[in-house]
Amino acid sequence: MKRIAVLTSGGDAPGMNACIRAVVLTAEHYNIEVIGYRHGYNGLLNQEYKVMSRDSVGNIMQAGGTVLRSARCLEFKTEAAAIKAAQNLDELEIEALLVIGGDGSFKGADHLSKFWDKQIIALPGTIDNDINGTDATIGYFTAIETALSSIDKVRDTADAFERIFLVEVMGRHAGFIGLSAAVSSGADQVLLPEIHNDSVKALQTIVGHIETARKIRGNTSYIVVVAENLWPGGVTALAQVLTERIKTDCRPVILGHVQRGGSPVTQDRLLATKLGAYAVEAAMAGKTNIMVGERNYKLVDVPLTETWANRKELDPYLVKIQTELFDITQSQLAKQLAD
Ligand code: F6P
């Protein structure tokens, strides 16, 4: 194998740079040249690339974002775009394309595979962790850390005022960041798309929960972690509805894109490094149309289409801890109050 290409696509995730670095260093070890396409699939369509070397990946491991830049490329869904991309890859004599991104980027890679007869290896890079076949995705651990430290700060002011806060976290249509951040911050409640898919019921749950908690504890701080896209209008709208229902001020906090930034934590750097190196070796072994991932500390190859075929499940024991074992409204005291 003489030349491979790598690109980052979709929402950037902390650890993407560590992954690019691992690809370049591993390829260099095997004397393979690496072309880095810029701006995701857009760069592939416009032949916007740079030749990567050990020097071009020096000191990027600790940086968030992606030195190759990223983009969401709607045009790539068309047949014409995939054909153009295939021609561009062939023009540069690329033998394997490595795509670091989330499920949208993986679908793009699958689409390309219908028009390009060389190898495609996908690497899971998204804060959402919503990719089947790998325990975690690159960027997920850093995003939880960021959400967690923000919720800890919200808790300080919430405690001082004995206030209710609704904190919105990212995850697109998945509750991985929400659940992990809620459990590790000791949030009073969490609203997740996997559990609360009916907004009317979600509101009833939240109101009942706050009322019971206040009966037991009196007026204390109260934090609800809310997954984005769950409530129409987000936590700002939900806080208004809730304020009217319980006649107490509720404050919304949207963590937003801060969750995508920052220096990757150790777990993300290690995962990114392993997957980047392994992807190059997988390409050398002739593998294609797979995602490389990690399950139970073992590197695995997952057929690309399986990565989005089923919804990835939340950790059921974490759900039990948050919604049953540690939930004050499920306590003996709450049961006695209800009798
Ligand atoms: O997929 C990563 C992600 O940050 C999601 O959590 C979020 O819903 C989305 O991207 C935001 O996308 P954009 O940056 O295009 O607004």
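Contact here means heavy atoms within 4.5 Å. Keep that in mind as you explore these close-ups of a predicted model.

**View 1. Helix α6 is mostly covered by its surroundings.** This helix runs through residues 176-185, and 8 of its 10 residues are buried. The buried ones are Phe176, Ile177, Gly178, Leu179, Ser180, Ala181, Ala182 and Ser185. What lies over them? The cover of these buried residues includes two helices, α5 and α11 (316-325), along with the strands β6, β7 (189-191) and β8 (222-227).

**View 2. Gly186 comes right after helix α6.** Follow the chain out of α6 and you meet this glycine, whose phi is positive, near 70°.

**View 3. Negative charges gather in a patch on the surface.** Look for four residues here: Asp152, Asp156, Asp159 and Glu162. Where does Glu162 sit in the chain? Glu162 belongs to the loop that links α5 (140-161) to β6 (164-169). Is Glu162 buried or partly exposed? Glu162 counts as partly exposed because its relative accessibility is 44%, and partly exposed covers values between the 20% limit for buried and the 50% limit for exposed.

**View 4. Thr266 is an exposed residue of helix α9.** The helix spans residues 266-284, and Thr266 has its place there. With a relative accessibility of 56%, Thr266 counts as exposed, because exposed means over 50%. Now find Ala22 as well: 244 residues separate Thr266 from Ala22 in sequence, while in space they are 15 Å apart, C-alpha to C-alpha.

Note on methods: Residues numbered from 1 in each chain as written. Predicted model: local features only at pLDDT ≥ 70, side-chain atom pairs only at ≥ 80, totals over all residues. Heavy atoms only, no water. Patch = residues over 30% accessible without salt bridge, like charges linked within 9 Å, V, L, I, M, F, W, Y side chains within 5 Å. Areas by Shrake-Rupley, 256 points an atom, 1.4 Å probe, with all protein chains shown as cover. Salt bridge = Lys/Arg side-chain N within 4 Å of Asp/Glu carboxyl O. Lys, Arg positive; Asp, Glu negative; His and termini not counted. Charge placed at Lys NZ, Arg CZ, Asp CG, Glu CD. Helix = DSSP H or I, 4+ residues; strand = E, 2+ residues; numbered from the N terminus. Buried < 20%, exposed > 50% of the residue type's maximum accessible area, 1.4 Å probe, protein only.
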